[in-house]
Amino acid sequence: PSTDGGTFYIDNWYFANVTSGPDPTEPTTAPAAPTIDAADVISFYSDSYTNISLGEYFPGWSEATVTENPIDGNNIWKMEAMNFASVTQYAGVDLSGMNKMYIDYWTTQDDAGSKLFVKLVDSNDSQELLLDLGDVTAGSWQTVEVDLTAQNTANIDLSTVTQFLIDPSTDGGTFYIDNWYFANVPEPGPSIAAPTPPTRNTDDV
């Protein structure tokens, strides 16, 4: 103490080397179920919605090994040796009425600066939109919301999208994917009415 002569009672004085154990190598629980109304959703992969029928799942030109990896009875894609993984529907999927994309991912990839992207391609018109999902976070489920309107700065036509690619910036990692869907989410409006204008003489208005 800075002042001498006082009385102190001391207990539990010790030093320790505390470790948190090895980093997890795979998820042990499923992500939280989405709650957006099914009427406002086009779902590619989720047990919470009726998924649309796609033409191809991970065709030969994809660069990932994809398997089903159920957790707690919930279907989840496990993507190993991941360069990119694609699904297709060459009849076209109309996403023009959707303003958000959602996807849940879990990964061990923790390289500094690694990012995750989803690419939407209209192979009929040679157009594509690269959606930036942000920096990758390892070791826990991440739910990503993408604003399609904000990211579609080139105003790409999304009425006949034919290819959909999940594409991390760092190749070779493992990703678990669930709840991949597009939605039309109402934008928030004012929560209260406008104030009543002051009384004026009708001749002055």
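Good morning. The protein I am presenting exposes about 12400 Å², and carbon and sulfur atoms supply 49% of that area. Please keep in mind that this is a predicted model. Of its 205 residues, 37% count as buried.

Let me begin with the overall architecture. The protein contains one helix and 10 strands, and along the sequence they follow the pattern β-β-β-β-β-β-β-β-α-β-β. Among contacts between residues at least 6 apart in sequence, 75% join residues at least 24 apart.

I turn now to the interior. In general, nonpolar side chains tend to be buried together in soluble globular proteins. Here, the largest nonpolar core has 34 residues, and those with the most contacts inside it are Leu95, Met101, Leu120 and Trp180. Two or more residues come from each of E1, E4, E5, strand E6 (115-122), strand E7 (127-135), strand E8 (142-147), strand E9 (161-168) and E10. Which element gives the most to this core? That element is E4, with six residues.

Leu120 deserves a closer look. Not counting residues up to four places away in sequence, Leu120 touches Leu95, Gln127, Glu128, Leu129, Leu131, Leu158, Val161, Gln163, Phe164 and Phe182. One residue in that list, Leu158, is placed in the loop between helix H1 (148-151) and E9. Is Leu158 buried or exposed? Leu158 has a relative accessible area of 8%, so this loop residue is buried, the cut-off being under 20%. Leaving aside neighbours within four places in sequence, Leu158 is in contact with Val93, Asp94, Leu95, Ser96, Leu120, Leu129 and Asn152. With Val93 in particular, the C-alpha atoms are separated by 8.0 Å, although the two residues are 65 apart along the chain.

Next, the aromatic residues. A pair of aromatic rings is described by the distance of the centres and the angle of the planes. The structure holds 11 aromatic pairs. In one of them, the rings of Trp61 and Phe84 have centres 6.3 Å apart and planes at 35°, so the pair is tilted. Trp61 lies in the loop between strand E2 (56-57) and strand E3 (63-68), and Phe84 lies in strand E4 (residues 77-93), so the pair ties together parts that are 23 residues apart in sequence. Trp61 counts as partly exposed, at 37% relative accessibility, whereas Phe84 counts as buried, at 17%.

Another pair, formed by Trp106 and Tyr176, is edge-to-face, with 5.8 Å centre to centre and 85° between the planes. Trp106 lies in strand E5 (residues 100-107) and Tyr176 in strand E10 (residues 173-183), so this pair ties together parts that are 70 residues apart in sequence. Trp106 is buried, with a relative accessible area of 3%, and Tyr176 counts as buried at 1%. In addition, Phe44, Phe164, Trp180 and Phe182 form one aromatic cluster. Of these, Trp180 has already appeared among the residues with the most contacts inside the core, and Phe164 and Phe182 among the residues that Leu120 touches.

Some nonpolar side chains lie at the surface instead. Phe8, Ile10, Trp13 and Phe15 form a nonpolar patch there, with about 650 Å² of accessible area together. Ile10 is found in the segment before strand E1 (41-45), and is exposed, with a relative accessible area of 66%.

Finally, the charged residues. Side chains of opposite charge can pair when their charged atoms come close. How many salt bridges does the structure hold? There are six.

Lys100 forms a salt bridge with Asp147, the closest N and O atoms being 3.5 Å apart. This pair links distant parts of the chain, with Lys100 in strand E5 and Asp147 in strand E8, 47 residues apart. Lys100 counts as buried, at 9% relative accessibility, while Asp147 counts as partly exposed, at 27%. Together with Glu145, Lys100 and Asp147 are linked in a network of salt bridges.

In another bridge, the side chains of Lys115 and Asp132 meet at 3.4 Å, N to O. Lys115 lies in strand E6 and Asp132 in strand E7, so the pair ties together parts that are 17 residues apart in sequence. Both residues are partly exposed: Lys115 has a relative accessible area of 23%, and Asp132 has 31%.

The last bridge I will describe joins Glu80 and Lys78, with the closest N and O atoms 3.7 Å apart. Glu80 counts as partly exposed, at 30% relative accessibility, whereas Lys78 is buried, at 17%. Thank you for your attention.

Methods. Residues numbered from 1 in each chain as written. Predicted model: local features only at pLDDT ≥ 70, side-chain atom pairs only at ≥ 80, totals over all residues. Heavy atoms only, no water. Phe/Tyr/Trp six-rings, centres within 6.5 Å; stacked < 30°, edge-to-face > 60°. Helix = DSSP H or I, 4+ residues; strand = E, 2+ residues; numbered from the N terminus. Buried < 20%, exposed > 50% of the residue type's maximum accessible area, 1.4 Å probe, protein only. Patch = residues over 30% accessible without salt bridge, like charges linked within 9 Å, V, L, I, M, F, W, Y side chains within 5 Å. Areas by Shrake-Rupley, 256 points an atom, 1.4 Å probe, with all protein chains shown as cover. Salt bridge = Lys/Arg side-chain N within 4 Å of Asp/Glu carboxyl O. Core = buried A, V, L, I, M, F, W, Y, C linked by side-chain atoms within 4.5 Å. Contact = heavy atoms within 4.5 Å.
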